[in-house]
Amino acid sequence: IETVTISSATASVDFTSIKGDIYESHFLTATNIQTVTDGAILRIRFSNDGGSSFETSNYEMARQYQDASGSNGTSDSTSIGYIEFGVNIGASTAESGAGYAYFHRLENASFYSVAQIESTGVNASGVYLNHFGGGTYKVAEKVDGIRLVMSSGNIDAGVYKLYGIKEQ
């Protein structure tokens, strides 16, 4: 559907033409994710008005993470303002991340929109890490836009691609 390439500090990556009338499911890839701020986490928010605004409440999410040094844990909430894509990456030149997300029933106003996510990268300590999980937007309404934004600071680089998946 669309590719967005970021090569300098940008507040967000927005997909506002997701073609939900054609595709019931969507697939997002993110490669070479870089941040201006050490340890920032990429987040997802949805729009219900074509991208004029993005919802900041009514999300639930859960994810697990682990890194090469043996640290692991979970991050979850039943009341939060985003879904975590994950990848709390470092901000130095060699530190970056990548991942993908499946989205289902975004433009079907009879259901909650859901996301399934896996991401990977190198953190500010230079240690490999992996995240997997997902979330839901708990309002049964038409979602017609997706925003990616860092938990702090800007997105510094990356290639972000949104695909549509036709149901058979």
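**Figure 1. R45 and its bridge partner in the pairing of β4 with β11.** In this predicted model, R45 has R147 as its bridge partner in β11. The two strands concerned, β4 (residues 40-47) and β11 (residues 145-150), run antiparallel and are joined by six bridges. Strand β11 is mostly covered, with five of its six residues buried.

**Figure 2. The four-stranded sheet.** The strand order of this open sheet is β2-β11-β4-β7, and its pairing is antiparallel. At the edges are β2 (12-15) and β7 (83-89), each of which pairs on one side only. On average, neighbouring strands of this sheet are turned by 15° against each other, direction ignored. The two edge strands also mark the ends of the confidence range: among the elements of the protein chain, the mean pLDDT is lowest for β7 (88) and highest for β2 (98). For the protein chain, the mean pLDDT is 94, and 99% of residues reach 70 or more.

**Figure 3. D14 and R147 between β2 and β11.** Four bridges pair β2 with β11 in the antiparallel sense. Within this pairing, D14 stands opposite R147 in β11. The side chains of D14 and R147 also meet in a salt bridge, at 2.7 Å from N to O. D14 belongs to strand β2 and R147 to strand β11, so this salt bridge ties together parts that are 133 residues apart in sequence. D14 is partly exposed, with a relative accessible area of 25%. R147 likewise counts as partly exposed, at 25% relative accessibility. R147 thus appears in two views, since R147 is also the bridge partner of R45.

**Figure 4. Salt bridge between K138 and E60.** The side chains of K138 and E60 meet at 3.2 Å, N to O, in a salt bridge. K138 sits in the loop between β10 and β11, and E60 in strand β5 (residues 59-67), so the pair ties together parts that are 78 residues apart in sequence. Relative accessibility is 34% for K138, which counts as partly exposed. E60 is partly exposed as well, with a relative accessible area of 23%.

**Figure 5. Salt bridge between R63 and E84.** R63 and E84 form a salt bridge through their side chains, with 2.3 Å from N to O. The pair links distant parts of the chain, with R63 in strand β5 and E84 in strand β7, 21 residues apart. Both residues, R63 and E84, are buried. The count of salt bridges comes to five, including those of D14 with R147, K138 with E60 and R63 with E84.

**Figure 6. E141, a buried acidic side chain without a salt bridge.** E141 is found in the loop between β10 (128-137) and β11. Side chains of opposite charge can pair when their charged atoms come close. E141 is buried yet has no salt bridge, and the nearest side chain of opposite charge, K142, is 11 Å away. A salt bridge requires a nitrogen of Lys or Arg within 4 Å of a carboxyl oxygen. The side chain of E141 does make a polar contact of 2.8 Å with the side chain of Y137.

**Figure 7. The eight-stranded sheet.** A second view of sheet pairing shows an open sheet of eight strands in the order β1-β12-β3-β8-β9-β10-β5-β6, paired antiparallel. Its edge strands, β1 (2-6) and β6 (72-80), each pair on one side only. Neighbouring strands here are turned by 10° against each other on average, direction ignored.

**Figure 8. A30 and G99 in the pairing of β3 with β8.** Strand β3 and strand β8 (residues 97-104) run antiparallel and are joined by seven bridges. A30 has G99 as its bridge partner in β8.

**Figure 9. E24 and L106.** E24 lies in the loop between β2 and β3 (25-35). E24 and L106 are 82 residues apart in sequence, while their C-alpha atoms are 7.0 Å apart in space. E24 is partly exposed, with a relative accessible area of 34%.

Key:
Residues numbered from 1 in each chain as written. Predicted model: local features only at pLDDT ≥ 70, side-chain atom pairs only at ≥ 80, totals over all residues. Heavy atoms only, no water. Pairing = 2+ DSSP bridges. Axes fitted to C-alpha atoms, helices over the stretch in contact; angles between N-to-C directions. pLDDT = per-residue confidence, 0-100. Buried < 20%, exposed > 50% of the residue type's maximum accessible area, 1.4 Å probe, protein only. Lys, Arg positive; Asp, Glu negative; His and termini not counted. Polar contact = N/O pair within 3.5 Å; in protein donor to acceptor, adjacent residues only side chain to side chain.
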